[in-house]
Amino acid sequence: MTSSGGRTTENNPHPELPHFQELLDGTNWASLATPYGTGESLPTALIRLLDPNPSIRAAAARDAVDAVTHQNTIYEATVPVALYVAAILNHPAIAAGEHAHEADLQLRHPTRETLLDWLGYTAYDADDQRVAMDERHFGEGFLDACPDMRAFRDLRPMIYSAVQPFLTDDNTKVCDAALVAAIPLAEHHAHTEYRHELADHAHRLLSTSTDRYKRDRTLDALNAWGHDTSTLENANDIAAREYHARMADHDLWWASNGTGGCADDPPF
């Protein structure tokens with residue numbers, strides 16, 4: 001596969017991201033589908049992600065990612081937006097003025113954290129588990145009918161290369177967001193070797209973070225990679241895991257026996 005900047009990503013463990021300006025100027029945004037029409041308005045929001053005012057960046061981040069995010073679906077415009085976001089992660093403007101606004105409740109989350117969170121959510125929408133689930137429903141040729149999801153999956157090494165430096169960021173929120181984003185990106189065959197590094201960062205997150213979503217994602221990854229997580233779980237983790245197991249059993253029962261009416265003995 002070749003990116004919009006002409007950089008081949010297949011079999012290249014360290015692909016080079018196109019420059020953000022190249023992506024902005026070289027993409028026909030108006031021709032790309034979004035859940036709400038076309039991506040014609042996206043360049044305005046994407047440019048504002050580099051505004052020196054953190055309040056403007058926060059609003060731009062909402063405008064940009066909300067425009068290509070709906071019902072866990074990868075759209076045509078999602079891929080170039082993801083590449084642009086990855087390309088600006090290390091831009092100094094991303095963190096400009098944030099320390100001066102730490103007292104503002106609306107700006108407690110750094111712009112870089114917000115963008116990393118979105119890359120993580122998007123990567124999970126195209127991860128191996130999602131593909132396997134969709135193939136069970138729609139058949140093994142599911143990805144052939146979803147070129148946008150396939151394109152995002154092919155670009156995971158390129159996006160990972162932009163996320164990886166922030167695994168050791170001085171801001172704990174940023175490095176936690178980077179880890180959770182990196183986990184599904186590392187599913188790509190070119191980056192499975194990085195799972196050992198990610199496991200070390202996972203231990204750090206689990207020793208410090210109380211974020212339920214991030215803890216669940218991190219514990220799920222460690223379990224999938226064959227790690228013993230029994231000493232890493234706290235009481236809330238165990239309660240959440242047992243709850244998810246009960247809900248999974250209920251969903252399985254309903255799929256096998258449910259008729260849309262009431263049942264005498266549901267497995268609650």
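Y84 makes a good entry point into this predicted model. Setting aside neighbours within four places in sequence, Y84 is in contact with F20, L23, L24, L46, I47, L49 and L50. Y84 also turns up, together with L46, I159 and V163, among the residues with the most contacts inside the largest nonpolar core, a set of 73 residues. That fits a general habit: in soluble globular proteins, nonpolar side chains tend to be buried together.

The helix that carries Y84 is helix 4, and Y84 is one of its buried residues. Helix 4 spans residues 78–88 and is mostly covered, with 11 of its 11 residues buried. The list runs from T78, V79, P80, V81, A82 and L83 through Y84 to V85, A86, A87 and I88. As for what does the covering, the buried residues of helix 4 pack against helix 1 (20–26) and helix 2 (42–48), and also against helix 5, helix 7 and helix 8.

Stepping back to the whole chain, the secondary structure comes to 12 helices and two strands. Along the sequence the order is α-β-β-α-α-α-α-α-α-α-α-α-α-α, with the two strands sitting right after the opening helix. Of the 268 residues, 45% count as buried. Among contacts with a separation of 6 or more, 63% are between residues 24 or more positions apart.

Helix 6 (residues 128–138) has a different story to tell, with R130, V131 and D134 as its buried residues. Seen down the helix axis, these buried residues fall within an arc of 95°, so they line one face of helix 6. The background here is simple helix geometry: an α-helix has 3.6 residues a turn, so residues three or four places apart point the same way. The face turned away from the buried side carries the exposed residues Q129 and R136. On the buried side, the packing partners are helix 5 (111–125) and helix 7 (147–154).

Within helix 6, D134 deserves a closer look. Its relative accessibility is 6%, and because that is under 20%, D134 counts as buried. Not counting residues up to four places away in sequence, D134 touches G139, F142 and M149. G139 is also the residue that follows helix 6, and its phi is positive, near 105°.

Aromatic rings come next. A search of the whole structure finds four aromatic pairs. One of them joins Y121 and Y213 in an edge-to-face arrangement, 5.4 Å centre to centre with 65° between the planes. Y121 lies in helix 5 and Y213 in helix 11 (residues 212–224), so this pair ties together parts that are 92 residues apart in sequence. Neither ring's residue is fully covered: Y121 is partly exposed at a relative accessible area of 40%, and Y213 is partly exposed at 30%.

Y160 and Y194 form another aromatic pair, this one stacked, with the centres 5.3 Å apart and 25° between the planes. This pair, too, links distant parts of the chain, 34 residues apart: Y160 sits in helix 8 (residues 156–163), while Y194 is in the loop between helix 9 (172–185) and helix 10 (195–208). Both Y160 and Y194 are buried, whereas Y121 is partly exposed, as is Y213.

A charge meets a ring as well. The charged end of R217 sits over the ring of Y124, 3.6 Å from the ring centre.

Over in helix 10, H201 is another residue to pick out. H201 has a relative accessible area of 15%, and it counts as buried because the cut-off is under 20%. Leaving aside neighbours within four places in sequence, H201 is in contact with L167, T168 and L179.

Finally, the cysteines. A disulfide is a covalent bond between the sulfur atoms of two cysteines. A search of the whole structure for such bonds finds zero. C146 has a relative accessible area of 21% and is partly exposed, while C175 is buried, with a relative accessible area of 5%. C146 falls in the partly exposed class because buried requires a value under 20%.

How values were computed
Residues are numbered from 1 along each chain as its sequence is written. This is a predicted model: local features need pLDDT of at least 70, side-chain atom pairs count only at pLDDT 80 or more; totals for chains, interfaces and linings use all residues. Side-chain values use heavy atoms; hydrogens and water are left out. A disulfide is a pair of cysteine sulfur atoms within 2.5 Å. Buried means under 20% relative accessible area, exposed over 50%, partly exposed in between (1.4 Å probe, protein chains only). Helices (H or I, at least four residues) and strands (E, at least two) are DSSP runs, numbered from the N terminus. The arc is that of the directions from the helix axis to the C-beta atoms. Contact means heavy atoms within 4.5 Å. Rings of Phe, Tyr and Trp (its six-membered ring) pair if their centres lie within 6.5 Å; planes under 30 degrees apart count as stacked, over 60 as edge-to-face and the rest as tilted. A charge sits over a ring if NZ of Lys or CZ of Arg is within 6 Å of the ring centre and within 35 degrees of the ring normal. A nonpolar core is a set of buried Ala, Val, Leu, Ile, Met, Phe, Trp, Tyr and Cys residues joined through side-chain atoms within 4.5 Å.
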